[in-house]
Amino acid sequence: MGKIIYMEDRINGLHCYTPEMGQRKPEVKMEASLSYYGKHYFVDTPLELKGRGITEMEAHWIDGCQKKIENWRSYRVTKAAFEKLKAQYPISMECCLD
């Protein structure tokens with residue numbers, strides 16, 4: 001049985017999903033989460049990101065984790081830089097219910 005490819009996952013922009021509502025996680029190579037105070041984003045990706053407002057952070061992945069196996073990196077990204085990333089890449093973000 002082949003892997004199902006969803007075309008909406010290939011569209012650039014932010015793809016929010018809510019696991020509590022039974023929504024599936026988009027199959028993309030960039031995941032984001034908003035910081036606690038909402039001043040910046042944390043972005044995990046196997047891609048090498050560079051530019052103004054993008055700072056690479058030291059990531060501590062658990063041994064055997066898929067992100068460690070695929071050599072993912074973690075970045076701290078300003079809101080302005082995140083807007084530019086949304087225009088260039090499909091990004092998934094988990095949106096939990098309160």
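How many disulfides does a search of the whole structure find? The search finds zero. Cys-65 is accordingly in no disulfide, and the nearest cysteine sulfur, that of Cys-96, is 18 Å away. The model on display is a predicted one, and the tour below begins with its cysteines.

**First stop: Cys-65.** Select Cys-65 and display its side chain. This residue is partly exposed, with a relative accessible area of 26%.

**Second stop: Cys-95 and Cys-16.** Next, select Cys-95 together with Cys-16. Why is there no bond between the sulfur of Cys-95 and that of Cys-16? The closest cysteine sulfur to that of Cys-95 is in Cys-16, at 3.3 Å, which is too far for a bond, because a disulfide requires the two sulfur atoms to lie within 2.5 Å. Cys-95 is partly exposed, and its relative accessible area is 25%.

**Third stop: strand β6.** Now select residues 90-94, which form strand β6. Is this strand largely enclosed or largely open? Four of its five residues are buried, so strand β6 is largely enclosed by the rest of the structure.

**Fourth stop: strand β1.** Keep β6 visible and add residues 13-17, which make up strand β1. Strands β1 and β6 run parallel and are joined by five bridges. To see how the two strands face each other, select Leu-14, which stands opposite Ile-91 in β6.

**Fifth stop: strand β2.** Finally, add residues 31-34, the strand β2. Two bridges join β2 to β6, and this pair also runs parallel. Here, select Glu-31 and find Ser-92 of β6 standing opposite.

Conventions
Residues are numbered from 1 along each chain as its sequence is written. This is a predicted model: local features need pLDDT of at least 70, side-chain atom pairs count only at pLDDT 80 or more; totals for chains, interfaces and linings use all residues. Side-chain values use heavy atoms; hydrogens and water are left out. Buried means under 20% relative accessible area, exposed over 50%, partly exposed in between (1.4 Å probe, protein chains only). Two strands pair if DSSP finds at least two bridges between them.
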